[in-house]
Amino acid sequence: MFKLFSTDFWDIIARLILRNKIIILIGIIIVTIFFGTKWENMRFTYTEANLLPDEHAVNVTYNNFLKIFGEEGNLIVLGVKDSTLFTVEKLNAWNKLSESLKKYKEVETVVSIKDLQKLIKDTKNEKFNLEPFIKDSISSMAQVEKLQEELFKKYPFYDNFLFNNKTKTIRTAIYLKKDIVNTSARKDFVVNTLIPNIDAFQESNNLDVRISGMPYIRTLNSQNIVDEISLFIAAALLVTSLIFFFFFRSFRATIISLIVVCIGVMWTLGILGLLNYEITVLTALIPPLIIVIGIPNCIFLINKYQHEVKLHGNKVKSLQRVITKIGNATLMTNVTTASGFATFILTESKLLKEFGIVASLSILAIFILCLLIIPIIYTFLPYPKERHLEHLNKRWIGGFVNWMEHMVRQKRITIYATSVVLLIISMIGINQIKISGSLIEDMPKKTEFFKDIRFFEEEFNGIMPLEIMIDTKHKKGVMKLSTLKRMDQLEDLIIETPELSKPISVVGLVKYSKQAYYNGNTKFYQLPTSQENSFILSYAKNSSSNVDLLKNFVDSTGQYARITTFMKDVGTDKMERIEENLNTKINKVFPKEKYDVTMTGKALVFQKGTKYLVKNLAISLSLAIFLISLFMAYMFRSGRMIIVSLIPNLLPLLITAGLMGYLGVPIKPSTILVFSIAFGISVDDTIHFLAKYRQELQANHWKIKTSVYGALRETGVSMFYTSIVLFFGFSVFTISSFGGTVALGALVSATLLFAMLSNLLLLPSLLLSLERSIANKEVLREPAINIIPEEDEDE
């Protein structure tokens, strides 16, 4: 019996691949076609990324709110800040635009200036009547001036909802039907209906219309993600193929590599479709990641094939050795890389779990494709020409290898001192890292929709909904004056908080009712007294419009009320302070035995999700380190070697974390991925180096220094090549318009560069300094997995 992953095992695999090449190629084609049929199941996410587990208390609270009041993120707002709007022609055109949007089936209602109603006291019938500000259309400037006078001075109920009386900015609110907000119908309406209508209006009236609101932001943001997938794939293919060609100077080898990674991308998309996962801002990164990770596999395999051909000229023997000698190494390095991604599967976040599953499966798939396709294709091709093998004799990289050897021989103290200094500086930087729970921070800053977000923040204090739900525990408990007074006290704090917009609730409506009861006198825009309350409520009950006015603020039973406010894009620290202040007020004003008050909303859910992920970051990274340590322990059978090998891979992670602190890059969902991904990839270099080092020890009769320098010269070139590919490959993500993706690409690239230098300078230095305790036959006995098989005698 042969041992699993032994040389005999890989000999059998090599024979199976080379003797059944036609069947294997047909099998790959069939599997690729199968995955291609699953592409139709791919769909782009129509909801925000929910980073929390479904059963998390914050999610439970949010879902409970949605059951009572329905989808909160169904509001699209249009805004104009232009004095010329207040002319007869343009104001009529603005009102006509709002009216035209009501006819679309996706729209529940539109509220514009023309839809605003005055509450008028009808003393005779003891009820309130509703009278529109604008009955038909405006025919004179006198009417425009009267409208401005009434809007901006007499009706505080509407202030900061449809207009800002200080800056004279006007808004129109479009409420989409709640059942289409998280479907493709939302995208169709925004892209094919709303935007063309707004564009036509702007052109004909020479007005700059700003658009925002969660449905609009989510639609355009999702479209940017879709557009960038093809951009990333094209850029990753271009960059990696150019570097590959620069190394090999062979169109043939470059095209073979491109074929392999393209099939890998097709399989990745097929896995997404097969599992019915949505394409999110994270899963959209996987196809280009597969290209970046797949190309180094191709480099190892093709480089080994060309080296073997040059050595003995036997093509079949060369291809067999490619599989037997590189199979173990590429399998182990791909498994460790996949492990870095697979740790996300163990988190309870659905978003990260799906990313981890697809990424780890795709990495293993690209390994299988490389191992099968490259040797098989070369069996059909003629021998490489002399010019294809010239790169094997390149001397330009010799200077780099000589420099590394010189540093390890002569400057070991300098290497240690530099490492310690970098570690201290990094620890200081790590203390400066901040956490970001912003919904919009990663969105493209140069797009019009992002500028519009900032516009509405300045004019109306934000568009991110924050909801407070009050459960009075009794039917019709909301309309009790004691409840309304408590809500009013809470709203006073919201108004005083500069990061929050003016709250909208039933309290404002009751105040408006009292103002109407006193014939529109603005000084009576306040809650009624106990005596006034009975008169005003009797008027309200007789008003047929009462139910319509209340339905968005109070549930049908009258037990639940909501206070809706909108918040600016604030950092996690500030958001936590706001939440703490509100909770302090809630606990003071609302007795727990009488009221159950909860705070929720998309902005709060996202911020809590980010904190949850940060807590899980340490767990995820620890799992990656633990899993990879197990691999190392199984492969090398040495606990001491695990410690020595982890130091050069943990130091780059700490340096990167320090850089994040100094550069002001916060911890957020996108940058959290950096550490597990980089660790899983960078440890590959360590495995290659230590495997070659053990082999050199045996070949050199346990002469430590000779073995270290031999391993350094042998692996330095390949580690340099693959690190360059990975560096520029991940740098592709810096062309993204999403801040988080840019940070991910730049940080992973930087980490891998540090990791290469750490593995080529610090690791061999540690081996030399600790030679007596780790470099002996007991510590480095025969490994469980022989990563680099012994060289044959004829070589």
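**Notebook: a sheet and a helix pair**

I looked up an open sheet of three strands (E, DSSP runs of at least two residues, numbered from the N terminus), which run in the order E11-E10-E12 with antiparallel pairing. Strands E11 (560-567) and E12 (596-600) stand at the edges with a single partner strand each, so one side of each has no neighbour in the sheet. I noted that neighbouring strands here are turned by 15° against each other on average, direction ignored.

The model is predicted, so local features need pLDDT of at least 70 and side-chain atom pairs pLDDT 80 or more, while totals for chains, interfaces and linings use all residues. Residues are numbered from 1 along each chain as its sequence is written, and side-chain values use heavy atoms, without hydrogens and water.

I then checked strand E10 (residues 464-471), which pairs with E12 in the antiparallel sense over five bridges; pairing takes at least two DSSP bridges. Ile 470 has Val 597 in E12 as its bridge partner. Helix H15 (residues 481-496) packs on the sheet and touches E10 and E11, and its direction makes about 5° with that of E11. Helices are DSSP runs of H or I with at least four residues, and angles run from 0 to 180 degrees between N-to-C directions.

Next I looked up helix H13 (residues 412-430) and helix H24 (residues 739-769), which pack at about 120° with axes 10 Å apart. Axes are lines fitted to C-alpha atoms, for helices over the stretch in contact. In contact (heavy atoms within 4.5 Å) are Arg 412, Ile 415, Tyr 416 and Ser 419 of H13 with residues of H24 including Leu 761 and Ser 769.
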